[in-house]
Amino acid sequence: MQRLAFLTYLTLCSVGLLPAQTSVSGTVRNTENSPLPGVSVQLKNHASGVISGPDGAFRLTVLTAYDTLVFTLLGFTPHELPLAGRTTLEVVLQEASDMLGEVVVVGFGTQEKQLLTGAIAAVGSEVFDNVSAPVFQRALQGQLPGVAITNGSGGPDAESILRIRGVGSISANNQPLIVIDGLTLTGLAGVESLGFLTNAYLGLNPGDIASVTVLKDAAATAIYGARASNGVVLITTKNGSFEQPPRINLNYYAGFSEISKRRELLNGQEYATLWNQAALNTGRDTIPGILYDTSAQPNTDWQDLILQRGFVQEFNAGISGGTAANRYYIGAAYRDEAGYLITTGIKRYSLRVNTEQRLSKRLRAGILLNPSHTVDRRTGNQWAGSPFGWAAWYYPNVEALDANGNFRREVVSTSNGYAGFAGNPGTVLKNRSIKTTTSQLLSSLFLNWSILEGLDFRTELGIESSQVQEFARWYALEGFSGSGWQLHQQLFNYNWTNLIRWRKHWQNRHRLELTVGAQISRENLEGSYISVSGFADDQLSYIGSAAQIDYKESWANDAAFAGFFTRANYSLKNRYLLGLSARYDGSSRFGRNRRFGFFPALSGGWIISEEDFFKVKAVNFLKIRSSIGLSGNSAISDFLARSQVSFEPVYNGQSGFRIVALENDLLGWEKCLQWNAGLEFSLWQDRLQGSLDYFIRDTKDLLLETPVPGTNGVTTLIQNTGAIRNQGFELSLEFAVLRRKHFSWEIRFNGATLKNRILELADNNGDGLDDDFVLNQRMLYRTGSPVGSFFLVKYAGVNPNNGDALFYDLTGNTTTVAPASNRQIVGKSLPGFTGGFSQSFRYRQFDLTAHFHFKTGHKLYLEEHALYNETNMSGTLNQLKTQLNAWTAENPNTDVPQARLFTVNGSQPSTRYLSKADFIRLNHLELGYRLAGTRRDHTNLRFYLAAQNLLTLTPFKGLDPDGEFYPSYSSALGAQRYNLPAARTYTLGLNANF
């Protein structure tokens, strides 16, 4: 106690020794000595800031007299000014002749944001700061208009499903192209097993990201040509600046996580009671021993036994700076996370080195290295056989633990003799080990030669290399010997890009930027898988110790791309804008006659606010723009255009081969024709800024799997047929509500509508009509309807007279049967409106940020309810508490049919299991306090409390409306089957900069 008091005393004394805050005042003028109102005066690397008044005057409280101020105003070059002890300033801003406002990253270069003619959305590193997200996609949820991000599961290693402006394909992948520091990644999915897909970008530390730019329309994406129809995500990592003193940034946070929502399941007595009622309702109560003694049943809450309070900690350290000849950034990070599901978690170690050297006046070279090592201890995070699934349907009226307090490994029976099989939710977790280890290296080398003033040549080689090793071991249970598997996968991908850039400004009227380049890429993936059984002892943990090989498989995929591209951007008087781009791409994935494609784009813009006739004082920037162009999609498996055979034991244990695919010389790209119109504005001296876009995105020549005659044993073939349209509006707003000396309030909002429709499908039978097809008995693909429309029999409730489940037929009459012929379109799986909003407050040294994201206008099908947990005791599985409201003579007015043991009564596929999935979620809430100015070298400390996924408002009947059971590459969508819900996380952190 005395030690604690002494430390507290020292801390208070240290705070008392901090230098006092200083007030700085001054005036901002232009080069003609006229005052500049509306200038943002910001304390560098801090939230503090003010706006200059009508006379250009400002006054700001700074942390020390040795801080740096940043002055920004639309149309003027940003200016940084170290105070160096001064308290009165006279500042002159230069009109931006070379740069109008913010510069953003675009394909193969950068552009001034105000001169852009394409539709892009961008965020900076602040989106990732202090957010306890293991992967960058989760931090982006609700941050960018038109970008919908869904978690495959709530596990820390789960994949994220990105959809930019809807879904443009059916059989091909809809994920966008990911480019990190110029390196085009393969776009491969993570490791898949046990109904779950891991995140392929788990090795990328979000804390290293400086900015993320999403290219959405054809003007922005066409330069990536054949792989850009789903949009492009450009990730730029942090770097230092030339002639910048070394700066060290440290960030550490730690906290705990918990499941955000649990299932309300029957306990042992409730299960036995419902069982007895169901047996009585079907006359099975006469079977000897079938009924339970309800009062004698044990209670086991399997969720309690497999869930825990998780733990997360992350440490990021970075140093950046530069001299006149070089600049650098070195960052290291460590993340340790234990999930709320016992035995699961990840460890990530990452290092990043970005450096650039001026070799001479005209020659620069650089290297970017990002090695990472990730250890993922995981399990099947979703599906019926996952531990989380078992915990939902396994018997609640059995004893889970043996006399020693361990999970029982033998076959467990209920008191009336009903038993599952060896194992239970606990043994699946405790007696099974799945360890996935990924070692990855992302690197690039570049050389830049300034041939003449305004003319540059750049050559860049990027490499993506990774090795995945997965080992799984299932220990012996009663009646089963131990088993296991091992997976090895190796990826190597390289891009070699050569660029020539020419920039010319003349007569203070004309600006021309021209880029010409060529790019070649090669992707190679090899892997093997083996599963075994028959371990003599549980202590044996290597595959070679097994007695029997149950299955083995190996594969090798290879693909090559070659592209030639050009882009020209022209502006006249900084107000009339024109953009042209084109790319000629080739890919080995397509048929001999269709390997190359041409992808052009045209765009234009008009900055109306630069016109002499425009005299609206409230509007300081107004631009309209439009674009049209073509991009492609090549996201299919390798070799689909070629004849393929599979060599494997196919007959009586003897080696042989069989035909698995037919050649298609005419297989080519999916083509996406997109038109975009946009408006950008800034009002009241940049207090309100925003953009509005309308787009029509038509994808044709779909890479669609279609049926063919099975004379060769092959029943389907990928062909170019069909078309899809996505269209909608996108809105983005930033509003500085208040900017005062000690208080500021800012609001950001973005939203996007989406209307999706299939325009054309294949006509396989030649009747002149496009053929429908249905996946999983409920997802309809039909011309004129949205992709993956729900196609189900309508549930009509319960007959109050007898407890029968009722359904509607196509005429609107009710019936007790639900044949497939009565199915009709009953909803869509794609949200009609998505977005997010945030509010940021600052009061003196306190700051508070709250970020929300939302999705509306869609539904999800609860497969877990339909197959397992809301079946009115048609099987032996545990049920949700909703089934206690089943029909009885005393409870006739209910929508839950009568419970009937081993008898189907309402559990047929229908809208009974279709739920609205609208939601609004408080993604991130953060409260911070900055203790700054501890030394003259700009050291400052900030403490913060943060919470993730704190609140979700939704009518959804499942656990988490923001989840998807099927992987990102699947044609099926709009379902959940025991997905882990998102974790709720609380962290305490510290930022230190010096």
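Here is a walk through this predicted model, from its domains to its main core and one helix of that core. Numbering runs from 1 along each chain as written, and side-chain values use heavy atoms, without hydrogens or water. Local features need pLDDT of at least 70 and side-chain atom pairs 80 or more, while totals for chains, interfaces and linings use all residues.

Start with the layout: domain 1 covers 2-93, domain 2 covers 103-237, and domain 3 is made of 282-317 + 379-430 (bounds from an automatic or database domain assignment). Between the C-alpha centres of domain 2 and domain 3 there are 40 Å.

Now the packing. The largest nonpolar core (buried Ala, Val, Leu, Ile, Met, Phe, Trp, Tyr and Cys residues joined through side-chain atoms within 4.5 Å) holds 37 residues, and Tyr271, Trp275 and Leu901 are among those with the most contacts inside it. Helices α4 (268-281), α5 (302-306), α6 (387-393) and α7 (425-430) each supply at least two of its residues (helices are DSSP runs of H or I, at least four residues, numbered from the N terminus). The top contributor is α4, with six.

So what does α4 look like? Its 14 residues should span 20 Å at 1.5 Å a residue (taken times one less than the residue count), and its end C-alpha atoms are indeed 20 Å apart. Buried residues in α4 include Tyr271, Leu274 and Trp275, where buried means under 20% relative accessible area with a 1.4 Å probe, protein chains only. At the N-terminal end, Asn267 caps α4, with a side-chain oxygen 3.2 Å from the backbone nitrogen of Gln269. After α4 comes Gly283, with a positive phi near 75°.

Methods:
Buried < 20%, exposed > 50% of the residue type's maximum accessible area, 1.4 Å probe, protein only. Polar contact = N/O pair within 3.5 Å; in protein donor to acceptor, adjacent residues only side chain to side chain.
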